[in-house]
Amino acid sequence: MLLQKESSAIITLAQNAVYAMLLETACHPSPGLVSPKSVGSHKDMNYFTFLSSSSALAPYYLLLAEAGFRFQGQEEKLLTELRAWGLRAETDMFAATGGANTQKGLLFFLGLSVGAGGYALRRGFPPTAAQVREVVERAADPLREELDAINDKRRAPSSKGDWAYLVHGFAGARGEAICGFPTVFTCGLPALRGFLQAGYSLNDCLVGTLLCLMTSVADTAVLARHGPAGLERVRAEAREAVLLGGISTREGREKILAMEKVFAEEGLNPGGSADMLALTVFFYLLEEQIPAEQLLFPSVFSF
């Protein structure tokens with residue numbers, strides 16, 4: 001039986017994952033992505049589809065955290081344990097969305113992270129971002145063999161990420177996990193902390209962080225549909241917005257709003273950047289809380 005402090009820490013891990021998942025979809029403007037005010041570049045999903053998907057996935061984050069905590073083997077075997085729950089969660093997600101792939105990539109990232117968090121609970125209460133990252137790296141090590149098998153054509157590609165790796169050499173979600181989510185730690189977290197400390201509304205902090213992530217994420221969602229040229233287009237547009245001041249200046253905000261229109265028209269869907277945003281929020285919440293009053297701050301965008 002779990003002790004009270006262990007049970008509370010596991011519940012907090014799951015709550016943080018669900019909160020991160022909801023916040024990513026809630027922020028606006030988010031070029032090419034679904035938000036409460038836009039369907040982005042999508043035709044088969046909207047904000048309500050994401051709410052349905054998130055509701056279906058939410059219970060599984062608690063199960064994944066518990067599975068990580070109870071797992072007795074080495075970290076290198078943890079992924080196999082977590083995948084069984086992940087596949088069940090994925091089935092429920094597709095049932096909730098009528099077959100639309102809303103958050104499959106995010107389920108992989110957050111599922112692995114909450115499972116790693118549960119495992120890391122054995123080392124301290126609560127686990128730090130560095131501890132969870134360390135477990136993630138070790139748990140993801142078997143993914144190297146999966147990438148090798150795709151490259152050697154011993155394993156047939158079964159996802160957009162697989163094809164992106166086979167054709168373009170981008171390791172995508174697997175590569176991020178193997179390296180302990182470097183984009184989150186070198187780009188996402190510094191940006192999010194900076195915006196929060198500067199006193200922007202939570203919405204604007206998320207938009208600003210998303211923009212920073214778009215400049216560097218090797219986004220296989222874009223790559224699969226638009227190739228390297230499409231990926232560079234997304235990165236270049238985001239870099240230009242950042243250089244113009246991003247959320248901090250009128251010119252930057254106008255550029256972000258223009259990106260939203262262009263990405264929708266051209267079908268550019270930076271879903272990988274959205275996943276990294278949610279994961280950034282999750283790792284932030286492992287050690288810090290978002291001030292409640294900041295939830296009420298007005299946005300710098302005029303809607």
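**Exercise 1. Find which loop holds Phe181, work out what its phi is near, and decide whether the residue is buried or exposed.**

Step 1: Start with the place. Phe181 sits in the loop between α8 (172-178) and α9 (182-198). Helices here (H or I, at least four residues) and strands (E, at least two) are DSSP runs, numbered from the N terminus. This is a predicted model, where local features need pLDDT of at least 70 and side-chain atom pairs count only at pLDDT 80 or more, while totals for chains, interfaces and linings use all residues. Residues are numbered from 1 along each chain as its sequence is written, and side-chain values use heavy atoms, with hydrogens and water left out.

Step 2: Check the backbone. Phe181 has a phi near 55°, a positive value in a residue other than glycine.

Step 3: Check the cover. Phe181 has a relative accessible area of 0%, so it is buried. Buried means under 20% relative accessible area, exposed over 50%, and partly exposed in between (1.4 Å probe, protein chains only).

**Exercise 2. Find the cis peptide bond that involves Pro29 and say where Pro29 lies.**

Step 1: Look at omega. The bond joining His28 and Pro29 has an omega of about 5°, and it is cis.

Step 2: Place the proline. Pro29 belongs to the loop between α1 and α2 (47-70).

**Exercise 3. Describe how α1 packs on α13.**

Step 1: Pick your descriptors. For two packed helices, you want the angle between the axes and the distance between them.

Step 2: Read off the geometry. Helix α1 (residues 4-26) and helix α13 (residues 271-285) pack at about 140°, with axes 8 Å apart. Axes are lines fitted to C-alpha atoms, for helices over the stretch in contact, and angles run from 0 to 180 degrees between N-to-C directions.

Step 3: Get the hand. The α1/α13 crossing is right-handed. A crossing is left-handed if the near helix is turned anticlockwise from the far one by less than a right angle, and right-handed if clockwise.

Step 4: List who touches whom. On the α1 side, the residues include Leu13, Tyr19 and Leu23, and on the α13 side they include Leu277, Val281 and Phe282. Contact means heavy atoms within 4.5 Å.

Step 5: Sort by class. The contact of α1 with α13 has 12 nonpolar residues, 1 polar and 1 charged. Ala, Val, Leu, Ile, Met, Phe, Trp, Tyr, Cys and Pro count as nonpolar, Asp, Glu, Lys and Arg as charged, and the others, Gly among them, as polar.

**Exercise 4. Do the job again for α10 and α12.**

Step 1: Geometry. Helix α10 (residues 202-214) and helix α12 (residues 250-266) pack at an angle of about 60°, their axes 12 Å apart. Their crossing is left-handed.

Step 2: Contact. Val207, Leu211 and Met214 of α10 meet Ile256, Met259 and Phe263 of α12. By class that makes 6 nonpolar residues, with no polar and no charged ones.

Step 3: Now look at α10 by itself. This helix is mostly covered, with 13 of its 13 residues buried. One of its residues is Gly208, which counts as buried at 3% relative accessibility. Leaving aside neighbours within four places in sequence, Gly208 is in contact with Phe195 and Ile247.

**Exercise 5. Compare the end-to-end spans of α3 and α11 with what a straight helix would give, then look for bends.**

Step 1: Take α3 (residues 78-97). Its 20 residues reach 29 Å from first C-alpha to last, close to the 28 Å expected at 1.5 Å a residue. The expected span is 1.5 Å times one less than the number of residues.

Step 2: Look for a bend in α3. There is one of about 25° at Ala84. The bend at a residue is the angle between axes fitted to the seven residues ending there and the seven starting there. Just past α3, Gly98 takes a positive phi of about 70°.

Step 3: Turn to α11 (residues 220-243). A straight helix of 24 residues would span 34 Å, but α11 spans only 24 Å between its end C-alpha atoms.

Step 4: Find the bend in α11. The helix bends by about 130° at His226, and Pro228 follows within four residues. Among the buried residues of α11 are Val222, Gly227 and Leu231.
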